[in-house]
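Please look at the sequence and the model shown here, and keep both in view while reading the report.

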Amino acid sequence: MARQIFLNQALGRRQFKDVLGSLLLSNFLTKDEVWLVSPWITDFELIDNSVSQWNALVSNFDARYIRFSEVLISLARAGVRIYVVTRDDPINTPFLSNLKYQLAGSDLVSICFKQSLHTKGILCREAFIEGSLNLTYSGVEANDETVVLHTDPQIISNAFLEFKQQYTFDGSI
């Protein structure tokens with residue numbers, strides 16, 4: 001099954017954040033690996049936890065909007081393996097530096113720099129999100145973007161095979 005989401009109005013942006021947030025949060029239960037492939041990555045508000053509705057799953061979340069980086073850091077601390085593929089670009093430095101600082105000594109987050117990267121995708125065992133969106137504030141909150149959510153096991157499997165073949169990691173952060 002596939003679902004297309006257009007991020008050109010508030011509804012599409014909210015739908016994307018709900019889908020991405022739910023997909024990432026599901027990994028607190030499954031402990032599956034997460035792949036984030038985006039030429040540019042910055043932080044943005046991802047999960048509305050303003051009434052503490054996610055605290056049964058993630059007790060350290062305050063009653064407020066939870067940022068993308070906070071979700072990833074919490075996932076890694078919970079034992080979820082995270083692969084980040086991006087460009088070695090100054091726009092990515094604050095986000096990646098925060099991950100490195102917060103997860104110093106962790107072997108659960110690996111970063112691969114690929115300067116020719118133009119592919120964008122978020123991949124877990126349950127779903128694959130692909131499209132035009134960079135994982136940035138502008139991509140999620142401002143730009144006119146389109147993504148497709150795939151839940152077909154064959155498409156997900158093919159994406160895992162491609163990502164694992166295409167991207168090599170020298171080590172953890």
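The report below treats one arginine and then one helix.

This is a predicted model, in which local features need pLDDT of at least 70, side-chain atom pairs count only at pLDDT 80 or more, and totals for chains, interfaces and linings use all residues. Residues are numbered from 1 along each chain as its sequence is written, and side-chain values use heavy atoms, with hydrogens and water left out.

Arginine 13 is found in helix α1 (residues 10-30), where helices are DSSP runs of H or I with at least four residues, numbered from the N terminus. Arginine 13 is buried yet has no salt bridge; buried means under 20% relative accessible area with a 1.4 Å probe, protein chains only, and a salt bridge is a side-chain nitrogen of Lys or Arg within 4 Å of a carboxyl oxygen of Asp or Glu.

The table lists two distances from arginine 13.

| Partner of arginine 13 | Distance |
|---|---|
| Glutamate 141, nearest side chain of opposite charge | 5.4 Å |
| Glutamate 141, backbone oxygen reached by the side chain | 3.4 Å |

Helix α5 (residues 153-166) has 14 residues, which at 1.5 Å a residue should span 20 Å (1.5 Å times one less than the number of residues), and its end C-alpha atoms are 20 Å apart, which agrees. In α5, Ile156, Ala159, Phe160 and Phe163 are buried. They cover an arc of only 100° around the axis (taken from the directions to the C-beta atoms), which puts them on the same side of α5. The face turned away from that buried side carries Leu161 and Gln165, which are exposed (over 50% relative accessible area).

Technical notes
Helices (H or I, at least four residues) and strands (E, at least two) are DSSP runs, numbered from the N terminus. Lys and Arg count as positive and Asp and Glu as negative; His and the chain ends are not counted. A polar contact is a pair of N or O atoms within 3.5 Å; within protein, one must be able to donate a hydrogen and the other to accept it, and residues adjacent in sequence count only if both atoms are side-chain atoms.
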